[in-house]
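Reader: Please take a close look at the annotated domain of this chain and the lysine inside it. Then set that part against the chain as a whole.

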Amino acid sequence: MATVKFYGEESVPLEMHKVRIVQKLNLLPIDQRLKAISEAGNNTFLLQNADVFLDMLTDSGVNAMSDQQLAAMMVADDAYAGSATYTRLADKLHEIFGMDYFLPTHQGRACEHILAKVLVQPGTVVAMNYHFTTTKAHITLQGGVVEELVADAGLEVTSDLPFKGDIDIAKLEAVIKKYGADKIAFVRVESGTNLIGGQPVSLKNLADLRKVCSQHGILYVLDASLLADNLYFNKIREESCKNLSIREITRKVADLFDIIYFSARKLGCARGGGICIRDKELYFKMRGLVPLYEGFLTYGGMSVREMEALAVGLEETMDEDMISQGPQFIACMVNDLDKRGIPVITPPGGLGCHLDAKRFVDHIPQSQYPAGALASALYIVSGIRGMERGTLSEQREPDGSEVFANMELVRLALPRRVFTLSQVKYAVDRIAWLHENRRLIGGLEFIDEPPILRFFYGLLKPVSDWQEKLVAKFRADFGDSL
Ligand code: F0G
């Protein structure tokens, strides 16, 4: 993708695939969009997909699959036990990551459930660059504590730092000193930190962390859900990786870890998940939980068709053309917004483009969920569904007080190979209009707030009639246009 030069024109990402199956999209008129978001409690998770024009909620389970993946699904070996499909998938993972043992699960959070059950006890600590929602929930449910050790510079929204997901080694050493190495259940690195903008982790940082873990006898775990984007950034941003193939970089990363788990809804463009384990004893400790929570050992809750597709998808992930598409489209979107003075996370990362709601709607206090309000407003003016990744995605303290998020983001995910560049340009245009009219956007308040993972089901309403005013301004500027 990156290798073709343009003549006499600003270069744009060039897709190294063609589209052979399409799905019709609808763009509802704005008053119907207002109705839809109101009925969804201003929670984009609760919108009906039929009411959405561009679904940028997530890349999870919605990446486009290749013809080879679909073809592989047809030869799946449908057996409860001992399926040849399982062997093909386990062999592919062994080939890529070099770990001897593999446990299949139905998706990424199921891996977290098993890891937490086996490794986390009350009073133990999981040190990590940054939490993911489900990861933290599983660790705290087991009575564990999460320590976030991303370097302070990683939390700066605008930056030109190439690896904002890196852990601050001094912070890790301080945490080990504070709790004692025996209380650290494991060190977890999320390669491609989801909640702070899909920002990558450098191979150098991974290697430095390995040294600290070995020195203290601490288990070292990789969440590889967003590894594909991370590998691309290693290749283009890290000197030591420039002359290595994606397969070689992958192996250098994998060789550092004791355990690698992933959501196959992201990595491998299929649906499912899995845990790769180096140590036999550890494998046996976790294995018993798979039939209990997931399914028998040779499918773990996944359909065999998805397992076949995953084996092919993992192989395709070793292709730079394939993994560069997402980050390059994201860079295009981020750079365009940035040029127009619209606050976004920089440098561009993986997963999607992240609007910085703290600056976009700096008049909305965190207690009124600025990122949630911005996501709602964006849907109203564009039919685009993004995801709040801010205070709404946090959980309250036991005493009921709010945990204000470090960052208030609206994530606009670009699932791999799904959108066209003109759709990205439409998104940029509507975001630019919204930015011009940002003072019209107001806050949100809860009508119904669930106690756990409230962002999934929570219902909210606007604190005033700002949404009607926004619609009126849109009408005045765009007339009858959708
Ligand atoms: N780890 C990371 C880094 C993730 O991004 C996700 C999911 C998971 C674990 C859990 O995996 O969904 O298969 O159970 N992220 C999705 C998202 C939900 O939209 O970003 P899962």
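Author: Helices and strands here are DSSP runs, numbered from the N terminus: H or I over at least four residues for a helix, E over at least two for a strand. This is a predicted model, in which local features need pLDDT of at least 70, side-chain atom pairs count only at pLDDT 80 or more, and totals for chains, interfaces and linings use all residues. Residues are numbered from 1 along each chain as its sequence is written, and side-chain values use heavy atoms, with hydrogens and water left out.

The domain comes from an unreviewed UniProt entry, which annotates residues 55–424 as "Aromatic amino acid beta-eliminating lyase/threonine aldolase". UniProt positions are given in the numbering used here, feature names are shortened, and annotations may be inferred rather than shown by experiment. Over residues 55–424 the chain is 42% helix and 14% strand. The end C-alpha atoms of this stretch are 12 Å apart.

The lysine is Lys266, which the unreviewed UniProt entry annotates as the modified residue "N6-(pyridoxal phosphate)lysine". Lys266 is found in the loop between strand 7 (259–263) and strand 8 (273–277). Its relative accessible area is 10%, so Lys266 is buried; buried means under 20%, exposed over 50% and partly exposed in between, with a 1.4 Å probe and protein chains only. Contact means heavy atoms within 4.5 Å. Leaving aside residues up to four places away in sequence, Lys266 touches Thr58, Asp59, Ser60 and Asn63, then Asn194, Ser225 and Leu226, and finally Leu351 and Arg416.

Next come some backbone details. Thr346 and Pro347 are joined by a cis peptide bond with omega of about -5°. Pro347 sits in the loop between helix 13 (320–339) and strand 9 (352–356). Tyr369 is not a glycine, yet has a positive phi of about 55°. The loop between helix 14 (357–360) and helix 15 (370–382) holds Tyr369, and the relative accessible area of Tyr369 is 3%, which means that Tyr369 is buried. Arg417 also has a positive phi, near 65°. Arg417 lies in the loop between strand 12 (409–413) and helix 16 (421–436) and counts as buried at 18% relative accessibility.

Ile139 belongs to helix 5 (residues 133–141) and is buried at 2% relative accessibility. Among the residues that Ile139 touches are Ala116, Val120, Val126 and Met128. The C-alpha atoms of Ile139 and Ala377 are 34 Å from each other, with their positions 238 residues apart along the chain.

Val471 lies in helix 18 (residues 466–478). With a relative accessible area of 8%, Val471 is buried. Not counting residues up to four places away in sequence, Val471 touches Ile30, Leu34 and Ile380.

For the chain as a whole, the secondary structure comes to 18 helices and 14 strands. Of its 482 residues, 59% count as buried. Among contacts between residues at least 6 apart in sequence, 73% join residues at least 24 apart. The C-alpha atoms fill a box of roughly 65 × 55 × 45 Å along the principal axes. A compact globule of 482 residues would have a radius of gyration near 23 Å, and the 22 Å of the chain agrees with this; the radius is taken over C-alpha atoms, and the globule rule is 2.2 Å times the number of residues to the power 0.38.
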